[in-house]
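Colleague: I'm new to this one. Can you put it up and walk me through a few spots?

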2 protein chains.
Amino acid sequence: GEGFQATINSICSSQKLMRENSDLVMPVHTTADIRKAKELGKTGILFGFQNAHAYEDQIGYVEIFKQLGVGIVQMCYNTQNLVGTGCYERDGGLSGFGREIVAEMNRVGVMCDLSHVGSKTSEEVILESKKPVCYSHCLPSGLKEHPRNKSDAELKFIADHGGFVGVTMFAPFLAKGIDSTIDDYAEAIEYVMNIVGEDAIGIGTDFTQGHGQEFFEYLTHDKGYARRLTSFGKIINPLGIRTVGEFPNLTETLLKRGHSERVVRKIMGENWVNVLADVWGE
Amino acid sequence: GEGFQATINSICSSQKLMRENSDLVMPVHTTADIRKAKELGKTGILFGFQNAHAYEDQIGYVEIFKQLGVGIVQMCYNTQNLVGTGCYERDGGLSGFGREIVAEMNRVGVMCDLSHVGSKTSEEVILESKKPVCYSHCLPSGLKEHPRNKSDAELKFIADHGGFVGVTMFAPFLAKGIDSTIDDYAEAIEYVMNIVGEDAIGIGTDFTQGHGQEFFEYLTHDKGYARRLTSFGKIINPLGIRTVGEFPNLTETLLKRGHSERVVRKIMGENWVNVLADVWGE
């Protein structure tokens, strides 16, 4: 499973991989590290969980993982855990233990992510947290109805409470699906920005580049092996931003669509750095 | 925590303890084992969990633990887990994974216990299970209002669906608290029997004999260490049945109160053996 020890083992593997590729990447624990990575022309890598299940039933693990570089954690992944419920099943809201975990994440400086979290649990985390929380990677259901997408009301609610929204380019959640282009993605960014404002928006790629069919089978089943929760069909990123290497196209597209350099800089990363600094207490 | 491996370690300790006291006790995996224990004048010991958390996120662990002698498992202990929610917090009901666990417990032959489970999750397990389920140790809220006690409607609902109720003598949940006597306990048995009938009732002691203050602190906190969920105050069993050794007093009390030997035999154990045989597929 994805409990404490299996997660530690994943961190070990990732650290080894980063060491072996230290000419290209570096770990980041602070926003100073992020700026340092940019200065060095390297890709900074921040650990984040998509499931608070790695905390198991131990509040103390929040700080243990923070010390190991885990600065953002999603409360639930698709279904129910000890903290709350995910977006693919009936959602009973944030549990009592979940409230204690949110308080500890606030204290230690770990951002609460609600991307795959259920609507009710999300609302209650937004109200419970004393630090900004985020949908790190989502799309608006105003453009396509899907359990993973967020309604206008949900986007407004998180923004009204100081929260942040990263917009994903995962094609199955875009209106045109795998026929989407980078302009359809830019349209989604604009849609969200109209609701949350230019300071609360960023990119949340959800890139799955290099992963095969087995990985997607895992993603679409509860606990990675139990009942099927969804089916993506074919997965391909929007034309124009199919790979990480095509990222400069996004800057160009946003500028072409009339956004100022100031706003594009915010969307492309400055807002993320600011909100992380706030949550991490820097 | 109380995950898979810690639970295996507990089983190892218990097996060692049983081996060292094999003149007095023996493990039971089947109802034939129960009858054998009675024949030999030994106490048969059946493993049961008060929290399905030991199954972690693996449906396959249901059968692993059954092979190790775990024949009855409570779906949730007081608060939320992957399966549902306990009786000490808001209850969102049985999760999708919980439905898969119930199906596997049915298939493998493990009884679903709902004693510390929330009202909504209990109702949904009762409806979901194809085998009888139980409140293995509870008291009626008709005699005392308490989150751990079950309403007349709840008792009727489980009985109407072929379920079983074990009545506990845990004094804090009895109307007179620690001033209760064995007659107050007998009254509670009669109260429940009036609702569920003489075939669906048994004893569920919840004896904590030999445990100290530290154990009760553990019991009254979420996850054994997190927020306090309840406070029992002083704990002492009803006068007349303070210890396991005083069990014969209960038989005598029930007979004195006018119950036939036939009914007393049912209450004292025959009903339990019958329902376990049914659930275990014997």
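Modeller: Here are some notes on the overall fold, two helix pairs and a few single residues.

Colleague: What should I know before I start?

Modeller: This is a predicted model, where local features need pLDDT of at least 70, side-chain atom pairs count only at pLDDT 80 or more, and totals for chains, interfaces and linings use all residues. Residues are numbered from 1 along each chain as its sequence is written, chains are lettered from A and ligands numbered from 1 in the order in which they are written, and side-chain values use heavy atoms, with hydrogens and water left out.

Colleague: Fine. How many helices and strands does chain A have?

Modeller: Chain A has 10 helices and 8 strands. Both are DSSP runs numbered from the N terminus: helices are H or I with at least four residues, strands are E with at least two.

Colleague: And what is the radius of gyration of chain A?

Modeller: It is 18 Å for chain A, which agrees with the value near 19 Å for a compact globule of 282 residues. The radius is taken over C-alpha atoms, and the globule rule is 2.2 Å times the number of residues to the power 0.38. The C-alpha atoms of chain A fill a box of roughly 50 × 40 × 40 Å along the principal axes.

Colleague: How much of chain A counts as buried?

Modeller: 55% of its 282 residues. Buried means under 20% relative accessible area, exposed over 50%, and partly exposed in between, with a 1.4 Å probe and protein chains only.

Colleague: Now helices. At what angle do H6 and H7 of chain B cross?

Modeller: Roughly 50 degrees, and the axes of H6 (152-160) and H7 (182-196) of chain B come within 8 Å. Axes are lines fitted to C-alpha atoms, for helices over the stretch in contact, with angles from 0 to 180 degrees between N-to-C directions. H6(B) and H7(B) are therefore oblique to each other. Under 35 degrees is roughly parallel, over 145 roughly antiparallel, 65 to 115 roughly perpendicular, and the rest oblique.

Colleague: Which residues make the contact?

Modeller: From H6(B), Asp152(B), Leu155(B), Lys156(B) and Ala159(B); from H7(B), Tyr191(B), Val192(B), Ile195(B) and Val196(B). Contact means heavy atoms within 4.5 Å.

Colleague: Is Lys156(B) buried or exposed?

Modeller: Lys156(B) is partly exposed, at 46% relative accessible area. Its C-alpha is 36 Å from that of Gly212(B), with the two positions 56 residues apart in sequence numbering.

Colleague: What about H9 and H10 of chain B?

Modeller: The axes of H9 (247-256) and H10 (261-280) of chain B come within 9 Å and cross at roughly 145 degrees. Residues in the contact include Phe247(B) and Leu250(B) of H9(B), and Val264(B) and Ile267(B) of H10(B).

Colleague: Switching topic. Where is Asn78(B)?

Modeller: Asn78(B) sits in the loop between strand S4 (70-74) and helix H4 (96-108) of chain B. Its phi is near 70 degrees, a positive value in a residue other than glycine. At 2% relative accessibility, Asn78(B) counts as buried.

Colleague: And what does Gln50(B) touch?

Modeller: Leaving out residues up to four places away in sequence, Gln50(B) touches Gln74(B), Cys76(B), Tyr77(B), His116(B), His137(B) and Asp206(B). Gln50(B) is partly exposed, at 33%.

Colleague: What is phi for Asp206(B)?

Modeller: About 60 degrees, so positive, although Asp206(B) is not a glycine. At 23% relative accessibility, Asp206(B) counts as partly exposed.
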